[in-house]
Amino acid sequence: MAQRGRNPEVDWPARPDTSLALNRMGTFDWDLDSGRMHLDPTALEVLDLRPDEFTGTPAGLRSRIPPAEEARLDARVAQALKDGRSHYGAYVRSRHRDGSPAWTHIQGHILRDPSGRPYRIIGILRDAAHDPGEPGAAGEQAEGRRRMTGVVERTTAILAHARTVNDVTDVLKDPEALGHLGAVSVMLGVVDGGRIHLVAEGQLGSYVPEIEYTRIDAELPMSEAVRSMQPVYLAAREEFRRRYPQLWPYIEPLSVRSGVYLPLIAQGRVIGALGLLYTREGEFTAEERNLLMALGSGIAQSLQRAILFEQEHDLAEGLQRAMLPRRIPEVPGALIAVRYRSARMGRDIGGDWYDVIPLGEGRVGVMIGDVEGHDTDAAAVMGQLRIVLRAYIVEGHTPGTAMSRASAFLRELATERFATCTYVEVDLTTGMLRMVRAGHLDPIVRRGDGSCHRIQVAGGLPLGLPPREQEGSGSGYPVTSLELHPGDTLLLCTDGLIERPGADPDSGMRELMAAVHGGPVDVEELADVLCDLVGDSGGGDDMALLLLRRRGTPAPRGGGPLRHRLEPGDTEAPAMARHLIRAAAAAWGARDRADEIELAADELMTNALVHTDGGGHVSMRLTADGRIRIEVEDSSSALPRRREAGDWEVSGRGLMLVDRLSDQWGVEPRGGGKCVWCEFAVAG
């Protein structure tokens, strides 16, 4: 009976494989939430328990397992749960009904819910008193051979799902993991250049003096197996002493009497070696050798897949990281933290990116985006798109124009891919944000008082898609303005941060908002906390994160910069702008120059409306040195020039007035347009 929120992999209780019962291996099913435990008839027989004697909980095993052994087994299980492992194994002393001693071998597979919480353990029990190779009746030896066959088959099946080298070693590093084969020590070495790197070793240890690395040309059995590509069988202690004197001092104090070292060969190349040590003595039969070779073949295939997987993933991740900024520039007036985490999916990497672009005069541009797809092509497109968008921004294009041109560039690549993106231009002097969004997640702002808000940014289509017909002559990417106060933090991220396996994105967004609200003040620490929301398993997608905090002490709201749109044919817009500019000048301590400021601004607005077709924007702000700055932006690249008008001419005096009234004025190219500005000193 599965509980809500869990992912039931099998029914309760688990149905045992018939082959387990034939091999006298019983199964158990332990529900960690309720404490219930189910033992199948073979498991009860192994423990010498009648069905009416078993209480259906772990406490029902105490009549057969002594307290000290119970404590040791509990510690082994607790450690496996704590370490996040999926398997554990243990030999425990038990006793039969008549009090005679016995050994029981237990192996468990731990099931976890999507959050990683363990909720159930399914495993097997077997009587370990008679291992293959120990003296006994012919029937017991035959049973041992059947058990060996079953272990090889099951181990190979488990290894078929291994995706990393750690997955392979998890199966082998426990010295009891292959105990069904009668081995008391299991060692796995991987060929690394001219050496063998030991990546898993059993409790009896010391297969080589160096422990971790051994030369392939060394006089040691594992090295010989790699060199010769043939298994090395050692049937007696005397063979260890005579053939490998370097190894003998480490074998002599152990109870080891025989061993086998198998080369792990994949596609005709040795990639490692497997060592098994036994307390039995005697030659290995032909059947045993065949089974061991089959085991080695299965491990070799799994190990090769795992090595190739990690190599491909490292290569792809390196490619992607090379296309991201190598460093984040220091930006006066801001604290910036970035994080990137790739999905653990081999070559299937994504196109997530971030960038920080200093723009001068206290301004900085920050962006984040995601190219559709999970492959190296997505990463390559990401690199090109990031560089192109950065170039458009540095050239001085407005945020909407830069985004529109980047979309056209992506269409011209003919990749049939699209990308989402958010770009924010931040004026750290005034705190003004100018944001454009192309199908991406809305930004989040955490205010200095800890409150969090999702900012509804007017969005356009994802980059690379054909523009809508009704967009007309506009860029298709409207600009949304917002003020970022000192102490406020802007957060941009890709959807990998909010995706959760088996859950809807809204729940991930709620979790993110809660973490941002309750997270630490330091931006680097906050970035780490938000990354931990995803974890290593995540949602199978890449994740990019960018945090920008405006430096300074949080202050009362108000007094922010002024920005107003000038539309062609809108007779009310200039009048409203003049009214706002005059009021702002008075509020900012320039009441005595309000007439001059209003007149200069009116001249610049008139020029933009009369001499250009697309209208523009007028903005007013305080600079770092205490001046009032008026800026009028338009879409015309033609630069204005001052001229001397005749006595009877009715035009041509606008820039002359601006020059006479203001303390300083100038023109700045802005990509496909320009910005004409003037500044006025403010007393005090």
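This report covers model confidence, aromatic contacts, nonpolar cores, cysteines and the surroundings of one arginine in a predicted model.

## Confidence

The chain has a mean pLDDT of 79, with 77% of residues at 70 or more. Two stretches stay under 50: residues 205-210 and residues 645-651. For residues 205-210 the model has 19 contacts beyond four places in sequence; for residues 645-651 there are seven such contacts. Where pLDDT is low, the predicted coordinates should not be read in detail.

## Aromatic pairs and charges over rings

Two aromatic pairs are found in a search of the whole structure. In one of them, the ring centres of Tyr-233 and Phe-284 are 5.5 Å apart and the planes stand at 45°, so the pair counts as tilted. Tyr-233 belongs to strand β9 (residues 232-234), while Phe-284 is in the loop between β11 (269-278) and α9 (286-322), so this pair ties together parts 51 residues apart in sequence. Both Tyr-233 and Phe-284 are buried.

Phe-284 also pairs with Tyr-278, here edge-to-face, with 5.5 Å between the centres and 65° between the planes. Tyr-278 is buried, as is Phe-284. Tyr-233, Tyr-278 and Phe-284 thus make up one aromatic cluster. The ring of Phe-284 has a further partner: the charged end of Arg-280 sits over it, 4.4 Å from the ring centre. Elsewhere, Arg-629 lies over the face of Trp-677 at 4.3 Å from the ring centre.

## Nonpolar cores

The largest nonpolar core has 50 residues, of which Leu-385, Leu-463, Leu-546 and Leu-548 touch the most other members. Helix α10 (residues 376-394) supplies the largest share of this core, eight residues.

What does Leu-463 contact, leaving aside neighbours within four places in sequence? Its partners include the nonpolar residues Leu-385, Met-403, Ala-406, Leu-410, Phe-418, Ala-419 and Ala-438. Ser-407, Arg-417, Cys-421 and Tyr-477 are also in contact with Leu-463. A second core, separate from the largest, has 28 residues, among them Met-620, Leu-655, Val-676 and Phe-680.

## Cysteines

How many disulfides does the structure hold? The number is zero. Cys-675 takes part in no disulfide, and the nearest cysteine sulfur to its own is that of Cys-678, 9.8 Å away. For Cys-678, in turn, the closest cysteine sulfur is in Cys-675, and at 9.8 Å the two are too far apart for a bond. A disulfide is a covalent bond between the sulfur atoms of two cysteines.

Are these two cysteines buried or exposed? Cys-675 counts as buried because its relative accessibility is 0%. Cys-678 is likewise buried, with a relative accessible area of 0%.

## Surroundings of Arg-578

Arg-578 is part of helix α14, which spans residues 572-587. With a relative accessible area of 26%, Arg-578 is partly exposed.

Not counting residues up to four places away in sequence, Arg-578 touches Glu-598, Asp-602 and Met-605. Arg-578 and Asp-602 are 24 residues apart in sequence, and their C-alpha atoms are 6.8 Å apart in space.

Definitions and conventions: Residues numbered from 1 in each chain as written. Predicted model: local features only at pLDDT ≥ 70, side-chain atom pairs only at ≥ 80, totals over all residues. Heavy atoms only, no water. pLDDT = per-residue confidence, 0-100. Contact = heavy atoms within 4.5 Å. Phe/Tyr/Trp six-rings, centres within 6.5 Å; stacked < 30°, edge-to-face > 60°. Helix = DSSP H or I, 4+ residues; strand = E, 2+ residues; numbered from the N terminus. Buried < 20%, exposed > 50% of the residue type's maximum accessible area, 1.4 Å probe, protein only. Lys NZ or Arg CZ within 6 Å of the ring centre and 35° of its normal. Core = buried A, V, L, I, M, F, W, Y, C linked by side-chain atoms within 4.5 Å. Disulfide = S-S within 2.5 Å.
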